[in-house]
Amino acid sequence: QARLDMLQAWGLEAITLVYVLSTRYPAVPEESHRPYYEKRLQEAARELEKKGLRADWQIRTGEPGAQIVMAANGCDADFILIGNQGHSRFREFFVGSTALDIARLAEVPLWLEPVHDPAAGSIRRVLLATDGSESVAAAEAAFGQLAPLVEVMMALTVVTADRDDETGSNAARAHLEQLGSRIDSLRSAVVHGDPRIQLVREASERGVELLVIGQRGRNPLQQLMLGSVAEAAFRAARIPVLLVPGTH
């Protein structure tokens, strides 16, 4: 709820609440619980309307990730927001795998929110992870749109072992300088190491409150296999992660 209040201050006007009666575990008779979830969603929608949002709701049946993406497509959503409970190994696996399914299938950005965070209402420091490729251009554009809304904008390129030479580092710095010419007061850095580890570490050390990552490409293989950097961030980060799909 705190995150929705913040997003409304950023311009959020309408929201569709979606609950999926999962067929992932057939032994769980969720369909019989439909009236309970209908009541909960109706109550939640009314509370959101009291805050000035247009709110509706849906209950769907099937694979959670695919159904959420279909719901987003059906209502022309600008992005998908999903909470990561993480209270147990089972729950963390289930929500994590649903988020990854959405990330593989969605054509709109995905915001993964760790709901255990007591400071969820505040985002002042945003970090963009970029490798300078064409496939992260959409993430860079989304990052730029956040500039008027937050206090500190940071961009980071992690130079991997296969690019860990002067040429690779210089190319990364040149791209970050170009990005800085479009975003006022951008703080940028080039670091070296494994992006799957270094990115989350840098976000933690820099006090980042939102991590923006671009999904590399949209070909059929990449729809089935999300990039390892994004997946590592989804699983390891203790802050919100915004994954922005690349162009087709």
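Let me start in a loop: Asp78 sits in the loop between α3 (64-74) and β3. Helices and strands here are DSSP runs numbered from the N terminus, where a helix is H or I with at least four residues and a strand is E with at least two. This is a predicted model, in which local features need pLDDT of at least 70 and side-chain atom pairs count only at pLDDT 80 or more, while totals for chains, interfaces and linings use all residues. Residues are numbered from 1 along each chain as its sequence is written, and side-chain values use heavy atoms, with hydrogens and water left out.

Back to Asp78. Buried or exposed? Asp78 has 65% relative accessibility and counts as exposed. The terms are these: buried is under 20% relative accessible area, exposed is over 50%, and partly exposed is in between, with a 1.4 Å probe and protein chains only. Leaving aside neighbours within four places in sequence, Asp78 is in contact with Val108 and Pro109, where contact means heavy atoms within 4.5 Å. Asp78 and Val108 are 30 residues apart along the chain, and their C-alpha atoms are separated by 6.2 Å.

Next, strand β3, residues 80-84. Its side chains alternate: Ile80, Ile82 and Asn84 point to one face and are buried, while Leu81 and Gly83 point to the other and are not. β3 runs parallel to strand β4 (residues 110-114), and five bridges join them. For two strands to pair, DSSP must find at least two bridges between them. Leu81 has Trp111 in β4 as its bridge partner.

Trp111 also turns up among the contacts of Leu210, together with Ile123, Arg125, Val126, Leu127, Leu146, Ile239, Pro240, Val241 and Leu242, again leaving aside neighbours within four places in sequence. Which residues touch the most other members of the largest nonpolar core? They are Val126, Phe143, Met153, Leu210 and Val212, out of 36 residues. A nonpolar core is a set of buried Ala, Val, Leu, Ile, Met, Phe, Trp, Tyr and Cys residues joined through side-chain atoms within 4.5 Å. Apart from this core lies another, of 34 residues, among them Val158, Leu199, Ile213 and Phe234. Leu199 is also one of the buried residues of helix α7 (residues 195-205). After α7 comes Gly207, with a positive phi near 65 degrees.

Now the aromatic rings. The structure holds three aromatic pairs. Rings of Phe, Tyr and Trp (its six-membered ring) pair if their centres lie within 6.5 Å; planes under 30 degrees apart count as stacked, over 60 as edge-to-face and the rest as tilted. Tyr19 and Tyr37 are stacked, at 4.0 Å centre to centre and 15 degrees between the planes. That pair links distant parts of the chain, since Tyr19 is in strand β1 (residues 14-22) and Tyr37 in helix α2 (residues 34-50), 18 residues apart. Tyr36 and Tyr37 have ring centres 5.1 Å apart and planes at 70 degrees, so this pair is edge-to-face. Ring pairs thus link Tyr19, Tyr36 and Tyr37 into a cluster. Within the cluster, Tyr37 is buried at 17% relative accessible area, Tyr19 is partly exposed at 25%, and Tyr36 is partly exposed at 46%.
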